[in-house]
Amino acid sequence: VQLQASGGGLVQIGGSLRLSCGASTRTSSRLLMGWFRQAPGKEREFVAGITASGRTTYYVDSVKGRFTISRDTAKNKVYLQMNRLTPEDTAVYYCVAGLDTIDLRSRPYDSKNYDYWGQGTLVTVSS
């Protein structure tokens, strides 16, 4: 499975961006998909995830209420709507996917659970 992320860019504090990630195969309907990010000098961290059915979502506490993850299985795409951005959101954002299993659902925050990674898209929030 190949993942292609897009939508990053430069935005002012308080602004919004929507990231998109396209999967190369229809089997994405069996994948839990999500986003990680890595800021300069920091460790990579989980941002958001969504189960194959789209019924369950996961968020890191710092983005709850500001970010929304969604998916369009028919188009093999997952989206991350990011609102009220702050400089702390500046990072390279990576689209990820892994087989939707009980094990992955129990630890969606663990990067080791994801088999597929996109190339990353840079989000820069400026003051």
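Is serine 127 buried or exposed? Serine 127 is exposed, because its relative accessible area is 83%, where exposed means over 50%, buried means under 20% and partly exposed lies in between, computed with a 1.4 Å probe on protein chains only. This residue lies in the segment after strand E11, and its C-alpha atom is separated by 5.6 Å from that of isoleucine 13, although the two are 114 residues apart along the chain.

The structure is a predicted model, in which local features need pLDDT of at least 70 and side-chain atom pairs count only at pLDDT 80 or more, while totals for chains, interfaces and linings use all residues. Residues are numbered from 1 along each chain as its sequence is written, and side-chain values use heavy atoms, with hydrogens and water left out.

Consider the strands next, which are DSSP runs of E with at least two residues, numbered from the N terminus. Strands of a sheet pair through backbone hydrogen bonds, either parallel or antiparallel; here two strands count as paired if DSSP finds at least two bridges between them. One open sheet has four strands in the order E1-E3-E8-E7, with antiparallel pairing, and its edge strands, E1 (3–6) and E7 (67–72), each pair on one side only. Within this sheet, six bridges join E3 (residues 17–23) to E8 (residues 77–82), and arginine 18 has glutamine 81 in E8 as its bridge partner. Arginine 18 also lies over the face of tyrosine 79, at 4.2 Å from the ring centre, a contact that requires CZ of Arg or NZ of Lys to be within 6 Å of the ring centre and within 35 degrees of the ring normal.

Strand E9 (residues 91–99) is mostly covered, with seven of its nine residues buried. It pairs in the antiparallel sense with E4 (residues 31–38) over eight bridges, and leucine 32 stands opposite glycine 98 in E9. Two bridges join E9 to E10 (residues 116–117), again antiparallel, and there valine 96 stands opposite tryptophan 117.

Tryptophan 117 also leads to the aromatic rings, which pair if their centres lie within 6.5 Å, with planes under 30 degrees apart counted as stacked, over 60 as edge-to-face and the rest as tilted, using the six-membered ring of Trp. The structure holds five such pairs. Phenylalanine 36 and tryptophan 117 form a tilted one, 5.2 Å centre to centre with 45° between the planes. Because phenylalanine 36 lies in E4 and tryptophan 117 in E10, the pair ties together parts that are 81 residues apart in sequence.
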